[in-house]
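Biologist: I should like to go through the terms used for this model one by one. Please set each value against its criterion before drawing a conclusion.

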Amino acid sequence: MDFKKLVSHCKEYGFIFQSSEIYDGLSAAYDYGPLGSELKTNIKQYWWKSMVQMHQNIVGIDASIFMHPKTWKASGHVDAFNDPLIDNKDSKKRYRADQLIEGYAEKIEGKITKDVDKARKRFGDAFDEAEFRSTNGRILDRQAKIDNAIGTMNKQLAAEDMEGLKALIEELEIACPDSGSRNWTEVRQFNLMFSTQLGNIAGEEGKLYLRPETAQGIFVNFSNVQKSTRQKVPFGIAQIGKAFRNEIVARQFIFRMREFEQMEMQFFVRPGEEMKWYDHWKQTRLDWHKALGTPAENLRFHDHESLAHYANAATDIEFKFPFGFRELEGIHSRTDFDLSAHQELSGKKLQYFDPELNENYVPYVVETSIGCDRMFLAQVAQALQEETVPDADGKDSTRTVMKLHPAIAPVKAAVLPLLKNKEELVNAANDVFDKLKVHVNCQYDEKDAIGRRYRRQDAIGTPYSITIDFETLENNTVTIRDRDSLDQKRVAIDEVSKIVSDSTNINSLF
Ligand code: ATP
């Protein structure tokens with residue numbers, strides 16, 4: 001579905017609102033409405049259950065957002081959590097230099113895709129895409145341009161060569177997407193951490209940061225958690241919580257926000273065993289996405305070529321968002337960088353005594369880190385569809401339906417009396433609602449014709465609609481309508497709770 005429509009759908013039905021909208025909004029901050037907060041809770045529950053509760057050797061914590069400022073010195077965020085920033089002098093628009101260069105590469109990639117599509121049409125069944133890509137002169141030229149631009153950029157980013165980045169933008173003749181102007185400022189590093197001030201200490205001493213990732217809350221608690229839970233390596237610590245980044249360019253709705261929520265797990269392993277676990281978590285996390293019904297073609301790994309200072313391997317799980325494949329989750333082999341750095345700066349030992357090896361060491365870490373909001377966007381983007389279905393009279397009509405997996409759908413069932421002015425129907429429907437509400441999140445709706453009520457439920461992804469009609473009064477049965485197949489089955493009222501809760505429970509994903 002068109003991305004603008006998706007955004008307005010999210011607002012219209014109470015999934016997501018712009019933050020402080022009555023004051024014209026605050027950019028890159030969003031509020032989750034009644035249905036959005038339910039969906040987000042379900043996503044978090046799915047993650048927590050599968051990562052923490054289903055593993056004997058993974059435990060959860062909930063650390064504070066404020067941490068001792070030295071934390072961010074040790075982690076490298078004070079010195080290196082920067083993005084290269086560039087301004088266009090004419091439009092006064094601000095960009096990330098690396099994103100401008102990536103945009104240049106994406107444009108060329110788009111041209112390559114067009115050429116490939118044309119050739120596929122021309123050659124039909126005999127078309128061999130891999131061969132075409134590796135032999136067609138024009139495509140090879142274009143691919144070389146992409147490789148050259150991205151390769152040069154990666155080297156410059158690694159060397160923090162800001163002058164080089166500016167020169168590259170000029171050499172590639174990249175223009176401001178807004179004004180078309182090529183009148184650029186210098187590129188400079190911009191630290192993404194938000195800071196604030198402690199009340200009782202003035203100056204630098206009292207400077208606090210809002211955490212830019214949840215991971216450090218886990219690292220500084222490594223010994224506390226290990227000792228209190230008596231976990232043995234390999235084991236993991238997981239956390240869900242808010243993180244804050246002063247993103248230079250925050251676009252694309254909840255994809256890139258300045259305040260967002262992360263679901264992270266740090267898995268502590270023996271030094272030397274990290275690659276085995278890295279492969280394990282890559283596969284486990286991919287399977288987690290697929291279990292929700294995300295088709296394999298919407299997911300792919302993107303292995304990092306240039307690695308962050310702390311990593312010896314890193315990959316992204318990318319999802320096919322409406323604006324292209326983008327990072328949804330990161331899986332990083334972080335070595336012993338974080339624990340060693342905290343050990344050094346704090347002077348406190350962050351080691352583990354391995355009884356099998358009879359040896360002390362600083363464990364290595366493999367982390368999985370996913371943005372809850374990006375996961376939300378991915379699921380809604382994938383689920384929201386317009387389709388043609390027969391209406392009550394058997395004629396074709398268009399419906400908007402959110403085909404979320406029932407286990408994460410915000411409302412599991414709607415309870416609908418056929419008519420709102422028949423007291424017996426309304427009373428019977430309320431009885432059904434009262435029984436069902438104990439088991440699942442459900443909605444009662446009596447307004448408008450039944451067909452319109454079905455459509456409203458389709459639009460918010462409710463898997464089941466339960467209709468109370470005159471037959472209900474005779475024999476205690478109701479109809480259950482299935483959101484996707486539109487099948488309607490008549491079942492006994494006593495069975496409703498079980499049918500709905502069995503098939504909408506998070507457990508059904510395992
Ligand atoms: P990007 O390259 O898109 O900025 P990143 O590589 O900086 O992301 P990580 O530091 O690996 O991201 O963070 C882990 C996860 O947190 C990401 O995969 C993403 O899902 C989420 N995330 C990061 N930044 C944001 C943001 N500004 N808004 C929403 N989610 C975010």
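Modeller: In this predicted model, the structure holds 1 cavity of 30 Å³ or more. About 30 Å³ of space lies in that largest cavity.

Biologist: Why is this space called a cavity?

Modeller: The term applies because a cavity is a set of points where a 1.4 Å probe fits but cannot get out. Its lining consists of Val-432, Lys-435, Leu-436, Ile-493, Val-496 and Ser-497. The elements that give two or more residues to this lining are helix H14 (423-436) and helix H17 (493-504).

Biologist: What makes up the lining of the largest cavity by class?

Modeller: The lining has 4 nonpolar, 1 polar and 1 charged residues. Lys counts as charged and Ser as polar, and both Lys-435 and Ser-497 line the largest cavity.

Biologist: Why is the space of about 240 Å³ called a pocket?

Modeller: The second largest pocket has that volume, about 240 Å³. It is named a pocket because the term denotes an open set of points with protein on both sides within 12 Å along at least five of seven lines. Among its lining residues are Met-67, His-68, Val-220, His-342 and Leu-350. Helix H3 (70-74) and helix H12 (337-346) are the elements that give two or more residues to this lining. By class, the lining of the second largest pocket has 5 nonpolar, 4 polar and 2 charged residues.

Biologist: How do you know that Arg-245, Met-257 and Gln-262 make polar contacts with the ligand?

Modeller: The cut-off is a pair of N or O atoms within 3.5 Å. A polar side-chain atom of Arg-245 lies 3.0 Å from an oxygen atom of the ligand. For Met-257, a backbone N or O atom lies 2.8 Å from a ligand nitrogen atom. In Gln-262, a side-chain N or O atom is 3.4 Å from an oxygen atom of the ligand. Each of these pairs therefore meets the criterion.

Biologist: How much of the ligand's accessible area does the protein cover?

Modeller: The ligand has 590 Å² of accessible area on its own, and the protein covers 84% of this. Strand E10 (259-269), strand E13 (324-335) and strand E16 (364-371) are the elements that give two or more residues to the shell around the ligand. E13 gives the most, with 5 residues. Of the 16 residues around the ligand, Glu-247, Arg-256, Met-257, Glu-327 and Leu-328 come nearest. The shell has 5 nonpolar, 5 polar and 6 charged residues.

Biologist: A search of the whole structure finds 22 aromatic pairs. What makes Phe-3 and Phe-323 an edge-to-face pair?

Modeller: Their centres are 5.3 Å apart and their planes are at 80°. Rings pair if their centres lie within 6.5 Å, and planes over 60 degrees apart count as edge-to-face, so both conditions are met. The pair links distant parts of the chain, 320 residues apart: Phe-3 is in helix H1 (residues 3-12), and Phe-323 is in the loop between strand E12 (313-321) and E13.

Biologist: Why is the peptide bond from Val-233 to Pro-234 singled out?

Modeller: Most peptide bonds are trans. The bond from Val-233 to Pro-234 is cis, with omega near 5°. Pro-234 lies in the loop between helix H10 (222-229) and strand E9 (235-244).

Biologist: What makes the phi of Glu-173 notable?

Modeller: Most residues other than glycine have a negative phi. Glu-173 is not a glycine, yet has a positive phi of about 55°. Glu-173 is found in the loop between helix H8 (162-171) and strand E6 (188-191).

Note on methods:
Residues numbered from 1 in each chain as written. Predicted model: local features only at pLDDT ≥ 70, side-chain atom pairs only at ≥ 80, totals over all residues. Heavy atoms only, no water. 1 Å grid on protein atoms, 1.4 Å probe; cavity = no way out; pocket = protein on both sides within 12 Å on 5 of 7 lines; lining within 4 Å. Points joined across faces, edges and corners; volume = space filled by probe spheres on them. Helix = DSSP H or I, 4+ residues; strand = E, 2+ residues; numbered from the N terminus. Near = heavy atom within 4 Å. Polar contact = N/O pair within 3.5 Å; in protein donor to acceptor, adjacent residues only side chain to side chain. Areas by Shrake-Rupley, 256 points an atom, 1.4 Å probe, with all protein chains shown as cover. Phe/Tyr/Trp six-rings, centres within 6.5 Å; stacked < 30°, edge-to-face > 60°.
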